[in-house]
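Q: Got a minute to walk me through this model? I'd like to start with the ligand.

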Amino acid sequence: MKKGLFITFEGADGCGKTTQLNLLSDYLKNKRDVIITREPGAKGLGEKLREILLNYDGDIAPQCESFLFLADRAQHIEQIVKPAVSEGKIVLCDRHTDSTVAYQGYGRGLNLEEIHYLNTLATGGLKPDLTVVFDVDIETSLSRVGSEKDRMEAAGIDFFNRVRNGYLEIAKQEPQRVKVIDAAKSIDEVFNDLLKLVTPLI
Ligand code: TYD
């Protein structure tokens, strides 16, 4: 059996990571057993948490928001990611631990050490083999999102600049695991850059 792989896709809203995740899944599917999944809300209980996180129309305190993302993560890791990786599959995951560091930590200003600790609790210490951050300026990414914004996307430009810088900081701190791709380029060029990172692992 081939070794399973866990690859996470990260970046601010509208950075194009989901398009790239789908392209990679299509490219890999004749070669390996691949699943695509996401946080928040891969399935079941997670979908209910996602509904609250993206559409609840009252105030959600930043700590509460973090715990809801982390609750979703704990369930997702146990139910989907760990079993698939141990069966030798390639798991392509749209957002994971670094989203909480970037959005709730750098974006909302929560304590980074605490978030790292809580992430470790939620994942049981399982880390992605590769994390790709799709980096693009916030004006471009928000224009890709369009005018129909969910609760998170409505947070404003200063928030998203903090999120973007947060991702770049994460990549500086963990250069082995976290790679940054310039996502302002064309879809084909970005995909080529992604393949350069993934090919050595498969
Ligand atoms: P989603 O519609 O999946 O957005 P995208 O297509 O950009 O991934 O919405 C997920 C939103 O939740 C997105 O704004 C990022 C945010 N988020 C956090 O703030 N913290 C987290 O830990 C996670 C996983 C997501």
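A: Sure. An oxygen atom of the ligand sits 2.8 Å from an N or O atom in the side chain of Asp-13. That falls under polar contacts, meaning a pair of N or O atoms within 3.5 Å; within protein, one must be able to donate a hydrogen and the other to accept it, and residues adjacent in sequence count only if both atoms are side-chain atoms.

Q: Before we go on, where do these numbers come from?
A: This is a predicted model, where local features need pLDDT of at least 70 and side-chain atom pairs count only at pLDDT 80 or more, while totals for chains, interfaces and linings use all residues. Residues are numbered from 1 along each chain as its sequence is written, and side-chain values use heavy atoms, with hydrogens and water left out.

Q: OK. How many residues surround the ligand, and which are the closest?
A: There are 15 around it, and the closest are Asp-13, Lys-17, Arg-95, Thr-100 and Gln-104. To be near, a residue needs one of its heavy atoms within 4 Å of the molecule or strand in question.

Q: How far is the ligand nitrogen from the side chain of Gln-104?
A: A nitrogen atom of the ligand is 2.8 Å from an N or O atom of the Gln-104 side chain. For Arg-73, a ligand oxygen is 3.1 Å from a side-chain N or O atom.

Q: Back to Arg-95: where is it, and is it buried or exposed?
A: Arg-95 is in the loop between β3 (90–94) and α4. Helices here are DSSP runs of H or I with at least four residues, strands are runs of E with at least two, and both are numbered from the N terminus. Arg-95 is buried, with a relative accessible area of 12%. Buried means under 20% relative accessible area, exposed over 50%, and partly exposed in between, using a 1.4 Å probe and protein chains only. Its phi is near 75°, a positive value in a residue other than glycine.

Q: Where's the cis peptide bond?
A: It joins Glu-39 and Pro-40, with omega about -5°. Pro-40 lies in the loop between β2 (34–38) and α2.

Q: And in α2, which residues are buried?
A: Gly-46, Leu-49, Leu-53 and Leu-54. Down the axis of α2 they fall within an arc of 120°, so they line one face of the helix. The arc is taken from the directions from the helix axis to the C-beta atoms. What covers those buried residues includes α3.

Q: Speaking of α3, what does Glu-65 touch?
A: Glu-65 is in helix α3 and counts as buried, at 0% relative accessibility. Leaving aside neighbours within four places in sequence, Glu-65 is in contact with Leu-53, Ile-60, Gln-104, Arg-108, Arg-151 and Met-152. Contact means heavy atoms within 4.5 Å. With Arg-151, the side chains are joined by a polar contact of 2.8 Å.

Q: Switching topic: in the largest nonpolar core, which residues touch the most other members?
A: Tyr-103, Phe-160, Val-163 and Tyr-167, out of 22 residues. The elements giving two or more residues to this core are α2 (45–55), α3 (62–86), α4 (97–107), α6 and α7, and α7 gives the most, with six residues. A nonpolar core is a set of buried Ala, Val, Leu, Ile, Met, Phe, Trp, Tyr and Cys residues joined through side-chain atoms within 4.5 Å. There's also a second, separate core of 21 residues, including Ile-7, Ile-90, Leu-92 and Val-190.

Q: Why cores in the first place?
A: In soluble globular proteins, nonpolar side chains tend to be buried together.

Q: What about α6, which residues are buried there?
A: In α6 (residues 138–145) they are Ile-138, Ser-141 and Leu-142. They cover an arc of only 95° around the axis, which puts them on the same side of α6. They pack against α7 (157–173), while the face turned away carries the exposed Glu-139 and Ser-143. Just after α6, Gly-146 has a positive phi of about 85°.

Q: Last one: how many disulfides?
A: Zero, taking a disulfide as a pair of cysteine sulfur atoms within 2.5 Å. For Cys-93, the nearest cysteine sulfur is that of Cys-15, 13 Å away. Cys-93 is buried, with a relative accessible area of 0%, whereas Cys-64 is partly exposed at 37%.
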